[in-house]
Amino acid sequence: MAWRLRLAPEKTNIDFFKHQWLTFGGSALLMVLAFLAWGVMGLNFGIDFKGGTTLRTESVNAVNVGAYRAALEELPIGDAAITEVFDTNFAPDQHVAMIRVSAAEQDEALSPELLNDVKAALVKVDPQLKVVAEETVGPKVSSELVWTSVLAVGITSIAIMGYIWMRFEWQMALGGVLALLHDVFITVGIFAFFQLKFDLTIIAALLTILGYSINDTVVVFDRLRENLQKYKTMPLRDVMNLSVNETLSRTLMTSITTLIAVGSLLVFGGDVIRGFSFAIFMGVLLGTYSSVYVAKNLVLFIGLDRSDKPKKADKNEFANVDA
C-alpha cells in the first residue's frame, strides 16, 4: 500500500464549538483591537495614497537598488520605492528602474527643487543614468485612490454575498461575508499596529484574501448543505461539526501548501513585494481560522430553517453549546 502524508487523520471527531467563547470571543476582541489600532495609530500610507512622483530611469550600468536608496535617504523626502524593470525587449545594456518618491508631509506635493535634488543624487550614484519619464500624483488624486480602494473591497464583498445567497441560504451569505470582513479588518489592523507600509499592492492582497477565504468557506458550506439533507434530525451544531471534520484535511492541505508558497515570497521576494506577501500570509492564516471557527458560528447564531415550510429559525442552539 502506498504511503501518503496526512496533515489530519482520515476521520476526526473534533468539537469545534467546545471552546466557542474563547475562539469566537477572541475573534471579536481582535476586531476591536484592529479598529483601535486603525483609529488611534492610523495607517502608514505609501506613495500611492500620499502622493508623489514616479521617475523612470535608464542606464547602461546595472541598477544598484541599495546605492539608489542610500543616496535618497540623505534627502528630506518621505518614502522612496525603487523597482528594477525587466523586459525581454530591452537591449543587453539597457537597465531600467522605476523610482517613486513622496514628500515628507502627506498633504504636500514634491517641490520642483526637491525633485531636482533627487535626480542629482541618482546621477551622482550613476553618471550614466538618465530620467526618461516622469509622472506626478498629487494628494487630491491619492485621496481619491483611498476611497476607490475601499469601494473595491466593499463591492467585492457585496458580490460575494450575492453569490453565496443564490448558491446556499441568506444566513450563510451573511455569515460568510462577515467572516471575510473579519479577515480583512484584522489584517489592516496588523498593518496599522506595526505601522507597515500600506499601498495599492496591499489592496490587491486584501482582494486576494477575500477570494481565498470565501473558497474555504464555500467548501465547508457545501458539505454542510449535503449533510443537512442527509441528517435531517441531527442537531444543527452536530451537523456543522461533522461538516468541518469531513473537510478538515482538505482545508489544512490547501492552507499549508499556500503558506509554503507565500512564505517563500515573504522570505526571498525582497522589499518590493514583502508587504504584499505578508498581507497574503496573514490573510491565509486568518481565512483558514475564520472558515473553521467564525463563519459557521455566525450561521449557527442566526439559525437555519431546516423544514420544508418557512418557520422561525432556532437561535437557542448557539447558547446551549457547552463552553
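Mentor: Rings of Phe, Tyr and Trp, the last taken by its six-membered ring, form a pair if their centres lie within 6.5 Å. The model before us is predicted, and its structure holds 9 aromatic pairs.

Trainee: What kind of aromatic pair do F16 and Y293 form?

Mentor: Planes over 60 degrees apart count as edge-to-face. F16 and Y293 have 70 degrees between their planes and lie 5.7 Å centre to centre, and the pair is edge-to-face. This pair links distant parts of the chain, since F16 belongs to the segment before α1 (20-40) and Y293 to helix α9, 277 residues apart. F16 is buried, at a relative accessible area of 4%, whereas Y293, at 24%, counts as partly exposed.

Trainee: How should the rings of W38 and F185 be read, as stacked, edge-to-face or tilted?

Mentor: Their centres are 6.4 Å apart and their planes stand at 50 degrees, so the pair is tilted. Because W38 lies in helix α1 and F185 in helix α6, the pair ties together parts that are 147 residues apart in sequence. Both partners count as partly exposed, W38 at 33% relative accessibility and F185 at 22%.

Trainee: Which residues do ring pairs link into a cluster?

Mentor: The cluster consists of F16, Y289 and Y293. Rings can also be read together with charges: the charged end of K296 sits over the ring of F17, 3.6 Å from its centre, and R167 lies over the face of F168, at 5.3 Å from the ring centre.

Trainee: Why is α6 described as largely enclosed by the rest of the structure?

Mentor: Buried means under 20% relative accessible area. In α6, 18 of the 24 residues are buried, so the helix is largely enclosed. Its length can be checked as well: at 1.5 Å a residue, α6 should span 34 Å, and its end C-alpha atoms are 34 Å apart, which agrees.

Trainee: What is the phi of Q195, which follows α6?

Mentor: Most residues other than glycine have a negative phi. Q195 has a positive phi, near 55 degrees, and lies in the loop between α6 (170-193) and β6 (197-198). At 33% relative accessibility, Q195 counts as partly exposed.

Trainee: Which residues does A279 touch, if those up to four places away in sequence are not counted?

Mentor: A279, which has its place in helix α9 (residues 274-302), touches T187, F191, I202, A205 and I209. A279 and I209 are 70 residues apart in sequence, yet 8.3 Å apart in space, C-alpha to C-alpha. With a relative accessible area of 0%, A279 is buried.

Key. Residues are numbered from 1 along each chain as its sequence is written. This is a predicted model: local features need pLDDT of at least 70, side-chain atom pairs count only at pLDDT 80 or more; totals for chains, interfaces and linings use all residues. Side-chain values use heavy atoms; hydrogens and water are left out. Helices (H or I, at least four residues) and strands (E, at least two) are DSSP runs, numbered from the N terminus. Buried means under 20% relative accessible area, exposed over 50%, partly exposed in between (1.4 Å probe, protein chains only). The expected span of a helix is 1.5 Å times one less than its number of residues. Contact means heavy atoms within 4.5 Å. Rings of Phe, Tyr and Trp (its six-membered ring) pair if their centres lie within 6.5 Å; planes under 30 degrees apart count as stacked, over 60 as edge-to-face and the rest as tilted. A charge sits over a ring if NZ of Lys or CZ of Arg is within 6 Å of the ring centre and within 35 degrees of the ring normal.
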